[in-house]
Amino acid sequence: MSAPVHLDSVDLQILELLRADGRRTVRDIARLVKLSPAPVRRRIARLEESGIITGYTITTDQAKLGQGLQAVTELRFTGDTDIHDIVEFASTLPEVDEVLTLTGDVDALVRLHVDNVDDLQKVVNRLRRKGVGVLQTKTLIVIDSWQRGAPMP
């Protein structure tokens, strides 16, 4: 694990502004943090080079893409299961958005999007049957969600 990078309050402001809108212009960020564009551009470059900013992405409205049902499936494995095997398998499923491996009672959480409950059942069955060492699953359907930096629903 690499050593933490020291960030001042301006760096933190820049990160928060980019989290809220990754397409925000350097000029706009500079105005909001009360600096000129050149030092803001250098700060962003430093944040990218140090690995703090790892990329820029978009968020999508899954319902408008026809995948209106979001769920989280808890996975429990046999004691000798290599967690990397299940992450590798789950990441091949197009419905899977994220896999979190955990400590504690649950070994992993799989966040996924599907069209409907029938499709959800198919994905969960694939996780159960093809997932190496899966002992038990528990699936929760998401009613609503919020994410820091995203607009309120």
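This section describes the fold, surface, cores and one backbone feature of a predicted model.

The secondary structure of the chain comprises five helices and four strands. Read from the N terminus, the order is α-α-α-β-α-β-β-α-β. The C-alpha atoms occupy a box of roughly 55 × 40 × 25 Å along the principal axes. The radius of gyration is 20 Å, whereas a compact globule of 153 residues would have one near 15 Å. Of the contacts with a separation of 6 or more, 61% join residues 24 or more positions apart.

Burial and surface were then examined. Of the 153 residues, 29% count as buried. The chain exposes about 10600 Å², and carbon and sulfur atoms supply 53% of that area. The chain carries 20 positive and 22 negative charges, and the mean positions of the two sets lie 8 Å apart.

In soluble globular proteins, nonpolar side chains tend to be buried together. The largest nonpolar core of the chain holds 18 residues. Within this core, Leu75, Leu112, Leu120 and Leu127 touch the most other members. Strand S1 (69-77), helix H4 (83-90), strand S3 (108-114) and helix H5 (117-130) each supply at least two of its residues. A second core, of twelve residues, lies apart from the largest one. Its members include Ile14, Leu17, Ala30 and Ile44.

The contacts of Leu112 were listed without residues up to four places away in sequence. Leu112 touches Leu69, Gln70, Ala71 and Thr73, among others. Its partners also include Glu95, Val96 and Asp97. Leu120, Val123 and Leu127 are on the list as well.

Helix H2 contains the buried residues Asp28, Ile29, Ala30 and Val33. Helix H1 (9-20) and H3 are among the elements that cover them. Ala30 is also one of the members of the twelve-residue core.

Just after H2, the backbone takes a positive phi at Lys34. Most residues other than glycine have a negative phi. The phi of Lys34 is near 65 degrees, a positive value in a residue other than glycine. Lys34 sits in the loop between helix H2 (26-33) and helix H3 (37-49). Is this residue buried or exposed? Lys34 counts as exposed because its relative accessibility is 73%, and the cut-off for exposed is over 50%. Lys34 thus differs in burial class from Val33, which is buried in H2.

Technical notes: Residues numbered from 1 in each chain as written. Predicted model: local features only at pLDDT ≥ 70, side-chain atom pairs only at ≥ 80, totals over all residues. Heavy atoms only, no water. Rg over C-alpha atoms; globule rule 2.2 N^0.38 Å. Buried < 20%, exposed > 50% of the residue type's maximum accessible area, 1.4 Å probe, protein only. Contact = heavy atoms within 4.5 Å. Areas by Shrake-Rupley, 256 points an atom, 1.4 Å probe, with all protein chains shown as cover. Lys, Arg positive; Asp, Glu negative; His and termini not counted. Charge placed at Lys NZ, Arg CZ, Asp CG, Glu CD. Core = buried A, V, L, I, M, F, W, Y, C linked by side-chain atoms within 4.5 Å.
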